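Dear colleague,

I am handing over the structure below, and my notes on what was found in it follow directly after.

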Amino acid sequence: MLHLLPFRSKNIVLRSVGLLSLAVTSILQVWMFSTSKATLPPAYSINHFFLYFAFAGNFGVQLWWLIRTPTHSSPAVSESESAKEDAEPLLESSTGTPIPRQTHLQAWDMPAYLPYYIASNICTSVWATACHQSRISMAQAALFSALILQLRVVLSAFNNPSQRANVTAFGITLLVSKIYVGILVMYLWRTWGFIDHVAISPAFEQQVHSGVVLVLLTVATGPDPTVGLAFIYVLLSLYFGTYQNSGWHHFFLIETIVLVALLVLDLVIIKLGFKANRHRGNDMGLPTAYLNTISQDNEPNYTPPEQHLIKDDIPMLPLHRQDIS
């Protein structure tokens with residue numbers, strides 16, 4: 001019945017349900033944190049300060065997003081604007097090389113993301129309830145379901161490799177999803193700490209498997225480092241938490257170093273790529289104004305300065321017969 005509502009009414013209903021789901025899952029998580037007690041000491045656990053700070057920060061970001069983020073225009077308006085951009089002719093540089101049109105991936109706006117967000121909150125509520133009742137299998141299944149929903153949103157934003165640098169233009173909605181991924185991974189490690197055997201150190205294959213998964217998710221969600229930074233936070237929270245298994249404790253520190261090195265390397269590659277694109281554009285004879293647009297494409301809230309075109313920077317437009325006369 002929701003699809004029968006007008007566009008504005010549908011957005012109001014989804015936003016209200018999103019706020020309700022945030023309130024319910026937050027209450028259940030606080031209740032679980034304050035009342036659940038492990039019968040046996042876990043193999044490793046998250047530092048309480050890191051856990052509560054992450055919970056409060058995630059709650060604040062989601063609440064601000066639900067209240068302050070405006071919904072985008074209707075689909076009809078977006079389609080008309082897209083058709084208008086497609087009808088615009090391509091410009092040519094002074095050497096006759098066509099200038100590619102600036103295209104951007106469609107962002108995950110609030111109405112598109114809210115169903116995934118609400119479903120993830122329901123799964124997180126199931127996790128909190130299952131953990132309180134010591135139903136670990138159900139808790140893990142609920143967390144994996146929520147994580148798959150969030151990765152569906154995060155990874156789908158990168159179906160066009162040439163537009164990966166425009167990730168920061170997607171706004172707060174994608175940021176909320178990426179932070180949610182980090183929170184879910186933190187809850188997964190917290191749950192695994194209660195079922196891992198204290199006396200049995202992890203095998204080398206287990207550590208490699210866990211480390212590779214974190215590395216792949218960090219790379220797949222780049223170049224924006226949000227997910228990578230969230231994973232580093234999770235690993236540090238585990239490293240500074242109490243533990244009875246030294247094998248996993250050492251793994252948390254080693255994997256933290258690996259992810260930090262990976263993010264630094266990714267930043268260096270991006271900077272070198274921008275410089276290479278600028279030099280390649282100069283060799284092709286592209287205008288300076290267009291090159292500046294490419295190099296600043298990854299900066300949020302960037303306002304291009306006023307350009308003073310010279311003769312070689314003026315694009316060559318096709319002339320009509322009346323223009324010649």
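Ring pairs link Tyr44, Phe144, Trp189, Trp192, Trp248, Phe251 and Phe252 into a cluster, and please keep in mind throughout that the model is a predicted one. Two members of that cluster, Trp248 and Phe252, form a stacked aromatic pair, with 6.4 Å from centre to centre and 20 degrees between the planes. Because Trp248 and Phe252 are 4 residues apart in helix H9 (residues 246-284), about one helical turn separates them, and both Trp248 and Phe252 are buried.

In total the structure holds 24 aromatic pairs. Another of these is formed by Phe49 and Phe50, whose rings meet edge-to-face at 6.1 Å centre to centre, with 85 degrees between the planes. Phe49 counts as exposed, at 58% relative accessibility, whereas Phe50 has a relative accessible area of 18% and is therefore buried, the cut-off for buried being under 20%.

Phe50 also appears among the residues that Ser237 touches, together with Ser45, Ile46, Asn47 and Met186, if residues up to four places away in sequence are not counted. Ser237 itself lies in helix H8 (residues 226-239) and is buried, with a relative accessible area of 0%.

As for the protein overall, it has 11 helices and 0 strands, and 38% of its 325 residues count as buried. Of the contacts between residues at least 6 apart in sequence, 81% join residues at least 24 apart. The protein exposes about 18700 Å², of which carbon and sulfur atoms supply 65%.

With best wishes

Methods. Residues numbered from 1 in each chain as written. Predicted model: local features only at pLDDT ≥ 70, side-chain atom pairs only at ≥ 80, totals over all residues. Heavy atoms only, no water. Helix = DSSP H or I, 4+ residues; strand = E, 2+ residues; numbered from the N terminus. Buried < 20%, exposed > 50% of the residue type's maximum accessible area, 1.4 Å probe, protein only. Contact = heavy atoms within 4.5 Å. Areas by Shrake-Rupley, 256 points an atom, 1.4 Å probe, with all protein chains shown as cover. Phe/Tyr/Trp six-rings, centres within 6.5 Å; stacked < 30°, edge-to-face > 60°.
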